[in-house]
Amino acid sequence: MKFVCHVSEIGTGEMKGFDVGDVRVLVLNADGEIKACDGICPHQEVLLEEGIFDGCLLTCHSHLWQWNIKTGSIEQIAEQNLRFFRIEVRDGSVFVCTNSDGGLETISA
């Protein structure tokens, strides 16, 4: 498990990017639910933290692609979904879970 931030650093409807090993992870607060997903757009490889997050939809600033953070699905092209990572929130701290080989554990949104 890797510590990334404190819950208090990410208000409702906000997001923040972190490097976890060699992966850029985006931590989002979706109406009080903390989620972690790919921090790099799979289309143009730009930082998603530079986009817009309205609490549900994450919009890439480069080409305006949008993902529903509650479902993980892209709103335009189904094969470009984001990876989501398993997290744990303990005592106000957010941890991204790693697997036995040190990689990040992926989950369904």
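Two strands pair if DSSP finds at least two bridges between them. Keep that in mind for this predicted model, and start with a small case: strand 5 and strand 6 (residues 57-59) pair in the antiparallel sense over two bridges.

**A small open sheet**

Strands 5 and 6 belong to an open sheet of three strands, in the order 5-6-7, with antiparallel pairing. Strand 5 (52-53) and strand 7 (66-68) take the edges, each with a single partner strand, so one side of each has no neighbour in the sheet. Looking at single residues, you'll find Phe 53 with Leu 58 of strand 6 as its bridge partner.

**Strand 3 and its two neighbours**

Now move to strand 3 (residues 23-30). Is it buried or exposed? Eight of its eight residues are buried, so the rest of the structure largely encloses the strand. Both faces are covered. On one side sit Val 23, Val 25, Val 27 and Asn 29, and on the other Arg 24, Leu 26, Leu 28 and Ala 30, all buried.

Strand 2 (residues 15-20) runs antiparallel to strand 3, and six bridges join the two. Val 20 stands opposite Val 23 of strand 3. The two strands make a hairpin with two residues between them, and Gly 21 in that turn has a positive phi of about 65 degrees.

Strand 3 also pairs with strand 4 (residues 33-38), again in the antiparallel sense and over six bridges. Here Ala 30 stands opposite Glu 33 of strand 4. This hairpin has two residues between its strands as well, and Asp 31 takes a positive phi near 55 degrees.

**Two nonpolar cores**

What about the inside? The largest nonpolar core has 17 residues, and Leu 48, Leu 58 and Trp 67 have the most contacts inside it. Strand 3 gives the most to this core, with three residues.

Leu 58, the bridge partner of Phe 53, is worth a closer look. Leaving out residues up to four places away in sequence, Leu 58 touches a list of residues that includes Met 15, Leu 26, Leu 48, Ile 52, Trp 65, Trp 67, Ile 69 and Leu 82. Phe 53 and Gln 66 are among its contacts too.

Apart from the largest core lies another one, of 15 residues. Val 4, Phe 18, Ala 36 and Ile 87 are among them.

**Rings that meet**

The structure holds two aromatic pairs. In one of them, the rings of Phe 3 and Phe 95 have their centres 5.8 Å apart and their planes at 70 degrees, so the pair is edge-to-face. The pair links distant parts of the chain: Phe 3 is in strand 1 (residues 2-6) and Phe 95 in strand 10 (residues 93-96), 92 residues apart.

Phe 3 is partly exposed, with a relative accessible area of 44%, whereas Phe 95 counts as buried at 15%. Phe 95 has another visitor as well: the charged end of Arg 90 sits over its ring, 4.5 Å from the centre.

**Salt bridges**

How many salt bridges does a search of the whole structure find? The search turns up eight. Here are some of them, with the N to O distance for each pair.

| Lys or Arg | Asp or Glu | N to O distance |
|---|---|---|
| Lys 16 | Glu 9 | 3.2 Å |
| Lys 35 | Glu 33 | 3.9 Å |
| Arg 83 | Asp 38 | 2.8 Å |

How open are these partners? Lys 16 is partly exposed at 33% relative accessibility, and Glu 9 is partly exposed too, with a relative accessible area of 35%. In the next pair, Lys 35 counts as buried at 7%, while Glu 33, which stands opposite Ala 30, is partly exposed at 42%.

The side chains of Asp 38 and Arg 83 also meet in a salt bridge. Asp 38 lies in strand 4 and Arg 83 in the loop between strand 7 and strand 8 (84-85), so the pair ties together parts that are 45 residues apart in sequence. Asp 38 is buried, with a relative accessible area of 12%, but Arg 83 is partly exposed, at 42%.

Finally, salt bridges that share partners join Asp 19, Arg 24 and Glu 49 into one network. You've met Arg 24 already, as one of the buried residues of strand 3.

Notes:
Residues are numbered from 1 along each chain as its sequence is written. This is a predicted model: local features need pLDDT of at least 70, side-chain atom pairs count only at pLDDT 80 or more; totals for chains, interfaces and linings use all residues. Side-chain values use heavy atoms; hydrogens and water are left out. Rings of Phe, Tyr and Trp (its six-membered ring) pair if their centres lie within 6.5 Å; planes under 30 degrees apart count as stacked, over 60 as edge-to-face and the rest as tilted. Helices (H or I, at least four residues) and strands (E, at least two) are DSSP runs, numbered from the N terminus. Buried means under 20% relative accessible area, exposed over 50%, partly exposed in between (1.4 Å probe, protein chains only). A charge sits over a ring if NZ of Lys or CZ of Arg is within 6 Å of the ring centre and within 35 degrees of the ring normal. A nonpolar core is a set of buried Ala, Val, Leu, Ile, Met, Phe, Trp, Tyr and Cys residues joined through side-chain atoms within 4.5 Å. Contact means heavy atoms within 4.5 Å. A salt bridge is a side-chain nitrogen of Lys or Arg within 4 Å of a carboxyl oxygen of Asp or Glu.
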